[in-house]
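Here is a friendly walk through one protein model, from the overall fold down to a few single residues. Please keep the sequence and the 3D view at hand as you read.

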Amino acid sequence: MKIEINVDEKITDTHIVISCKKLTPELERLFSMLHLLNRKLAVKKGDETCFLDVSEAVYIESVDRKSFIYTTKEVYESDFKLYELEQQLEDCGFFRAGKSCLVQLKYIRSLRADINRRIRVTLENGEQIIVSRQYAEELKRRLGLKS
């Protein structure tokens with residue numbers, strides 16, 4: 001792979017061009033990562049790839065090694081693993097709620113204590129997520145309920 005960077009003071013807008021023989025999964029991942037710079041996620045809905053504004057994602061769940069992004073209206077699939085999404089979205093207000101779930105803090109409507117020191121979180125869309133006891137204290141701290 002050959003990478004070129006052309007620095008020119010006359011250029012007013014950054015333009016990225018990828019030239020390749022064929023589109024590989026690695027290039028698709030690179031493309032997805034570049035879109036994250038604009039706070040967009042490359043997601044799939046059926047056979048179609050679309051770009052979702054990160055702020056629309058309510059929570060992300062991993063099921064059978066696949067990541068699903070839930071918005072208030074739709075469910076999308078991502079090629080990224082949950083830990084990769086967590087790393088990419090940590091500065092976007094996402095919180096690890098358990099081994100298979102990330103939740104965007106701004107969509108939390110209420111909290112309720114659950115058994116075994118877990119927390120039942122109700123989201124703005126009415127769905128409920130269980131925050132495992134391993135992450136419960138951190139959630140309270142991130143929401144300003146504990147110092």
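Read from the N terminus, the protein chain runs α-β-β-β-β-β-α-β-β-β-β-β-α, which comes to three helices and ten strands. Helices (H or I, at least four residues) and strands (E, at least two) are DSSP runs, numbered from the N terminus. This is a predicted model, in which local features need pLDDT of at least 70 and side-chain atom pairs count only at pLDDT 80 or more, while totals for chains, interfaces and linings use all residues. Residues are numbered from 1 along each chain as its sequence is written, and side-chain values use heavy atoms, with hydrogens and water left out.

**The chain as a whole**

The C-alpha trace of the protein chain spans about 55 × 35 × 25 Å along its principal axes. Of the 147 residues in the protein chain, 31% are buried; here buried means under 20% relative accessible area, exposed means over 50%, and partly exposed lies in between (1.4 Å probe, protein chains only). Among the contacts in the protein chain with a separation of 6 or more, 38% join residues 24 or more positions apart, a contact being heavy atoms within 4.5 Å.

The accessible surface of the protein chain is about 10700 Å², and carbon and sulfur atoms supply 48% of that surface. Accessible areas come from the Shrake-Rupley method with a 1.4 Å probe, and for residues only the protein chains shown count as cover. The protein chain carries 26 positive and 24 negative charges, whose mean positions are 7 Å apart. Lys and Arg count as positive and Asp and Glu as negative, leaving out His and the chain ends; each charge is placed at NZ of Lys, CZ of Arg, CG of Asp or CD of Glu.

**Helix α2**

Which residues of helix α2 (residues 82–89) are buried? They are Leu82, Glu84, Leu85, Gln88 and Leu89. Seen down the axis of α2, these buried residues fall within an arc of 160°, so they line one face of the helix. The arc is that of the directions from the helix axis to the C-beta atoms.

**Threonine 71 and leucine 52**

Threonine 71 sits in the loop between β4 (66–70) and β5 (75–78), and is buried at a relative accessible area of 8%. Its side chain reaches the backbone nitrogen of lysine 73 at 3.2 Å, and a polar atom of that side chain lies 2.8 Å from the backbone nitrogen of glutamate 74. Not counting residues up to four places away in sequence, threonine 71 touches Leu52, Glu56, Ala57, Val58, Tyr76 and Asn125.

Leucine 52 belongs to strand β2 (residues 48–53) and is buried at 4% relative accessibility. With the same sequence neighbours left out, up to four places away, the residues that leucine 52 touches include Ile69, Thr71 and Tyr76. Lysine 40 is twelve residues from leucine 52 in sequence, and their C-alpha atoms are 5.3 Å apart in space.

**Two loop residues with positive phi**

Neither of the residues in this table is a glycine.

| Residue | Phi | Loop | Relative accessible area |
|---|---|---|---|
| Aspartate 64 | about 50° | between β3 (59–63) and β4 | 72%, exposed |
| Asparagine 116 | about 55° | between β8 (108–113) and β9 (119–123) | 53%, exposed |

Terms used: Polar contact = N/O pair within 3.5 Å; in protein donor to acceptor, adjacent residues only side chain to side chain.
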